[in-house]
Amino acid sequence: MKRYYRSLMVLLLFTSSLFFTGCDMFAEEQEEGDNLLYVYSWGDYLSPKVLEQFEEETGIHVVLDEYDTNESMYPRIAEGAENYDVLCPSDYMIQKLIENDLLQPLDFAKLPHATQYIGEDFFRQSEAFDKGHKYNVPYCWGTVGIMYNTKMVKEPVDSWSILWDPKYKGEILMQDSARDAFMIPLRLLGYSMNTKNPAELEAARNLLIQQKPLVQAYGVDDIRDKLSSGEAALGVIFSGEAINLMKANPDLRFCPAPKEGTNLWIDSWVIPKNARHVENAHKFIDFLCRPDIAAKNFEALGYSTPNVSVREQEEDDEEMEDYLDIAFPPVEVYRGQETYSYLGKTLDKLYTRLWLQVKVE
C-alpha cells in the first residue's frame, strides 16, 4: 500500500512538473513570438541608440549578430543553422538569396515609411538584383573608392592605376573580398565587374598578383584603423566610411568614383524564408525608414541613406557642410556605375579560386 501511494505521489509530481514545464515552454514561445527579433547585419551598421529606441517604443527585444562579409553571412542562412528574422545583405547577395529561395516577399502594406521615404531611384536600382523589388528595402548605399592621405600622396587621385604605383610600395590597403578586389583590375582593363569570361578574370588575377608586392595588407574593418592612424597612404574603402575617417584625420581625402568606373552598391533589409518573427521584422524595417530614425542612423554611421528626407535635415547642420557631397553625391558620380550581380555557383567558385591564387602567390 505504501508502495502504491509512493508511486502515486511520484506520478503526480512528474505530471505536475510536465504541466508547469509545458506552461513555461508555452510562455517562452509566447514571449519569443511577441517580443523578440533576431537581426543579422554588418558590423557597426546600426546605431545602439536607435536599437534602444526601437525596444522602448515597441517592447520588442533585439538580438543582434554581426558579420564582416556577405560570403561569411550566406552559409549560415543557407544551412538554416540560425533562424534570423531580418538580414542586411548587399545587392548581388540578395539576388543569390532570392535565386536559392531563401527569402520571403515583403508586405509593403506594413511598410508605410519605406514606401513614402525611400527614393524611387533606389527601388529602380534594386531591380538589377530584385526584379519588381518584392524582397528588399534599401538601407545604405554608396560606391567603392580610394581614401588617401594628403601628407603622403601629393598628386591628384582619380584613377585605380595609382594602386599599382611602385612609389607607394607598402603603403596600399586592399579589400579582402574577391568581388571588391577583382572589380578594380577589371575596370582598369575595361571589363565589366560582372564579367563571366574566364580569360578576363584571369587577366584581372594577373594584375592583382603584379600588385601584391606593393600591398601592405588585405583587410576589412582594419583598413579604417590604418588609414585613420596614418599607417598607410592609400586604401580601398566604401564611401560610407569616408566621412568618419575624414573627421578623425583631417589629412584624409576621398575619391568616390575613379574615372575607370566603380561599384555602386546597395545594402538592403530582407526577411529570410524561415524567419519566426515576421511581424516584428516588418515593424523593425519600417521603423528604420522613419525620417528621424534614418537621420540618427546616418549621423552615427556616416553611410549614405536612400531616405529622401535625410539630406533636407542635414543641410542645416554646419558640421556636415563639408561632407554633404560625399554623403549625397551629385548624380554624375553614380549615374551609369555598375551594381554587382550574382554570377552563379560556377563563377562563385572561379572567383574564390582565383582570389586564393592571388593571396598565396
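**Contacts, aromatic pairs and helix packing in a predicted model**

The side chains of Ser309 and Asn307 make a polar contact at 2.6 Å (a polar contact being a pair of N or O atoms within 3.5 Å; within protein, one must be able to donate a hydrogen and the other to accept it, and residues adjacent in sequence count only if both atoms are side-chain atoms). The model here is a predicted one, with local features needing pLDDT of at least 70 and side-chain atom pairs counting only at pLDDT 80 or more, while totals for chains, interfaces and linings use all residues. Residues are numbered from 1 along each chain as its sequence is written, and side-chain values use heavy atoms, with hydrogens and water left out.

Ser309 itself lies in helix 13 (helices, H or I and at least four residues, and strands, E and at least two, are DSSP runs numbered from the N terminus). With a relative accessible area of 11%, Ser309 is buried (buried means under 20% relative accessible area, exposed over 50%, partly exposed in between, with a 1.4 Å probe and protein chains only). Setting aside residues up to four places away in sequence, Ser309 touches Tyr117 and Pro291 (contact means heavy atoms within 4.5 Å).

Tyr117 turns up again with Pro306, which sits in the loop between helix 12 and helix 13. Pro306 is buried too, at 3% relative accessibility. Its C-alpha atom is 8.1 Å from that of Tyr117, though the two residues are 189 apart along the chain. Not counting residues up to four places away in sequence, Pro306 touches Tyr117, Ile118, Gly119, Phe122, Pro138, Tyr139, Cys140 and Trp141. As for helix 12, its buried residues are Pro291, Ile293, Ala294, Ala295, Asn297, Phe298 and Leu301. Just after this helix comes Gly302, with a positive phi of about 85°.

Now for the rings. A pair of aromatic rings is described by the distance of the centres and the angle of the planes. Rings of Phe, Tyr and Trp (its six-membered ring) pair if their centres lie within 6.5 Å, and planes under 30 degrees apart count as stacked, over 60 as edge-to-face and the rest as tilted. The count by this rule is 18 aromatic pairs. One of them joins Tyr45 and Tyr303 edge-to-face, at 5.2 Å centre to centre and 85° between the planes. Tyr45 belongs to the loop between strand 1 (36-42) and helix 2 (48-58), and Tyr303 to the loop between helix 12 (291-301) and helix 13 (308-314), so this pair ties together parts that are 258 residues apart in sequence. Both rings belong to buried residues: Tyr45 has a relative accessible area of 4%, and Tyr303 comes in at 10%.

The pair of Trp269 and Phe284 is edge-to-face because the ring centres are 5.6 Å apart and the planes stand at 80°. Here strand 10 (residues 264-269) supplies Trp269 and helix 11 (residues 278-288) supplies Phe284, so the pair ties together parts 15 residues apart in sequence. Trp269 and Phe284 are both buried. Helix 11 is largely enclosed by the rest of the structure, because eight of its 11 residues are buried: Asn280, Ala281, His282, Phe284, Ile285, Asp286, Phe287 and Leu288. Ring pairs also link Tyr45, Phe54, Tyr139, Phe238, Trp265, Trp269, Phe284, Phe287 and Tyr303 into a cluster.

Two charges sit over rings as well (NZ of Lys or CZ of Arg within 6 Å of the ring centre and within 35 degrees of the ring normal). The charged end of Lys96 sits over Tyr74, 4.1 Å from the ring centre, and that of Arg179 over Tyr92, at 5.1 Å.

Asn263 lies in the loop between strand 9 (252-255) and strand 10, and is buried at 1% relative accessibility. Its side chain reaches the backbone oxygen of Glu338 at 3.3 Å. Beyond neighbours within four places in sequence, contacts of Asn263 include Gly142, Asp180, Met193 and Tyr340.

Helix 7 (residues 178-188) and helix 8 (residues 198-211) have axes that come within 9 Å and cross at roughly 100° (axes are lines fitted to C-alpha atoms, for helices over the stretch in contact, and angles run from 0 to 180 degrees between N-to-C directions). Helix 7 and helix 8 are therefore roughly perpendicular (65 to 115 degrees; under 35 counts as roughly parallel, over 145 as roughly antiparallel and the rest as oblique). Ala181, Phe182, Pro185 and Leu186 of helix 7 meet Glu200, Leu201, Ala204, Arg205, Leu207 and Leu208 of helix 8.

Overall, the chain has 16 helices and 11 strands, and 51% of its 361 residues count as buried.
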